[in-house]
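Hi,

Here is the structure I promised to pass on. Have a look at it first, and then read on for what turned up when I went through it.

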Amino acid sequence: MIIANWKMNGSKVLIKDWIASVSMEIEVNKTKNCIFCPPTCYLDYAKSLIKQGSKDIKLASQEIDSELSSPLTGGISSEMLCDIGCEYVIIGHSEQRIHIKESNKILSDKLKESIDKNIKPIFCIGESIEQKKSNKTLDVLLEQLEAIKSDFINKCIIAYEPVWAIGTGENAEISYIEEIHSFIKEELIKKTNSKKYISVVYGGSVNLDNFREIYSSSMVDGLLIGGASLDSSTFTKIYNMS
Ligand code: PGA
């Protein structure tokens, strides 16, 4: 799967142009989902344009709330996401973990909320540069993976995004990505006691120069692309050539 994470970028005009051009140029392959995550306020608009473009571009939200028992100003519920045809949701992105200070309990509730409504979570994990330098990467990842209850594991896509690689232009080396992806897969398989396949995608400064090497690894099940996905032609090339 190739995922375009627009973060807090774009406008109606940019989204219209992007979907029109991606719909024209992309060669959608059923075994490789093309997933678009615009800012929440544009989800419904994006969905209507995707329908017009009639290419199988899946829609993902960058946000979901789990606190549904009381009113929540600014909240987005799983029902709302289902209502507008959202099939995926990003949960636990490092930018949210850092700024909103989401705990494992909150993340776990969000995972449950999305899975209960059949919205597939793209669960992000990754270490900071300080944690990497002090050899704490594996411990940090294990701690982050604790948010996923064992019966949710096969329903999640894991996105390994080292925080030091996000938006920095410095992607992780392929050998490092493979080592970490294999660690994540093994740990989750241990937790489920099942041999069912677990998809782990990579994110962090993926671009036109490095996507082939990263995507060609058997340990990498997809790419989560931020900055480079904003340009429709770059994103389409990465999708079509990966
Ligand atoms: P980037 O972002 O590709 O701009 O590094 C990736 C992400 O945060 O999802």
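Lys185 is buried, with a relative accessible area of 9%. Keep in mind that this is a predicted model. The partner of Lys185 is Asp221: the two form a salt bridge, with 2.6 Å between the closest N and O atoms. This pair links distant parts of the chain, since Lys185 sits in helix 8 and Asp221 in the loop between helix 9 and strand 8, 36 residues apart. Asp221 also counts as buried, at 15% relative accessibility.

The count of salt bridges comes to eleven. Another one joins Lys110 to Glu63, where the closest N and O atoms are 3.4 Å apart. Lys110 belongs to helix 5 and Glu63 to the loop between strand 3 (57-61) and helix 3 (78-83), so this pair ties together parts that are 47 residues apart in sequence. Is Lys110 buried or exposed? Lys110 is buried, at a relative accessible area of 5%, and Glu63 is buried too, at 17%.

Helix 5 has a salt bridge within itself as well: Asp109 pairs with Lys105, and the closest N and O atoms are 2.6 Å apart. These two are four residues apart in helix 5, so about one helical turn separates them. On the accessibility side, Asp109 counts as partly exposed at 27%, whereas Lys105 is exposed at 57%. There is also a network of salt bridges that links Asp56, Lys58 and Glu87. As a general reminder, side chains of opposite charge can pair when their charged atoms come close.

Now the ligand. Which residues come nearest to it? Of the 13 residues around the ligand, those are Lys7, His93, Glu161, Gly167 and Ser205. Three of the contacts you may want to pull up:

- His93 puts a polar side-chain atom 2.7 Å from an oxygen atom of the ligand.
- Glu161 has a polar side-chain atom 2.8 Å from a ligand oxygen atom.
- Gly167 takes part through its backbone, with a polar atom there 2.7 Å from an oxygen atom of the ligand.

Taken alone, the ligand exposes 280 Å², and the protein buries 95% of that.

Ser205, one of the nearest residues to the ligand, deserves a look at its backbone too. Its phi is near 60°, a positive value in a residue other than glycine. Ser205 lies in the loop between strand 7 (200-203) and helix 9, and it is buried, with a relative accessible area of 15%. Ser54 is another non-glycine residue with a positive phi, of about 40°. Ser54 is placed in the loop between helix 2 (43-53) and strand 3, but this residue counts as exposed, at 61% relative accessibility.

On to the packing of the helices. In helix 7 (residues 137-145), the buried residues are Thr137, Val140, Leu141, Gln144 and Leu145. Looking down the axis of helix 7, you find them within an arc of 135°, so they line one face of the helix. Their cover includes helix 4 (94-100), helix 5 (104-116), strand 5 (120-125), helix 6 (129-133), strand 6 (157-160) and helix 8 (174-192).

Helix 10 (residues 232-241) has Ser232, Thr234, Phe235, Thr236, Ile238 and Tyr239 as its buried residues. What do they pack against? Strand 1 (2-5), helix 1 (12-25), strand 2 (34-37), helix 9 (211-215) and strand 8 (223-225). To take one residue from that helix, Thr234 is buried at a relative accessible area of 15%. Not counting residues up to four places away in sequence, Thr234 touches Leu208 and Ala228.

Last one: Ile119, found in the loop between helix 5 and strand 5. At 1% relative accessibility, Ile119 counts as buried. Leaving aside neighbours within four places in sequence, Ile119 is in contact with Ser78, Leu81, Cys82, Cys86, Glu87, Tyr88, Val89 and Ser114. Glu87 in that list also belongs to the salt-bridge network with Asp56 and Lys58. Ile119 and Lys155 are 36 residues apart in sequence, and their C-alpha atoms are 9.3 Å apart in space.

Cheers

Methods:
Residues numbered from 1 in each chain as written. Predicted model: local features only at pLDDT ≥ 70, side-chain atom pairs only at ≥ 80, totals over all residues. Heavy atoms only, no water. Buried < 20%, exposed > 50% of the residue type's maximum accessible area, 1.4 Å probe, protein only. Arc of directions from axis to C-beta. Contact = heavy atoms within 4.5 Å. Near = heavy atom within 4 Å. Polar contact = N/O pair within 3.5 Å; in protein donor to acceptor, adjacent residues only side chain to side chain. Areas by Shrake-Rupley, 256 points an atom, 1.4 Å probe, with all protein chains shown as cover. Salt bridge = Lys/Arg side-chain N within 4 Å of Asp/Glu carboxyl O.
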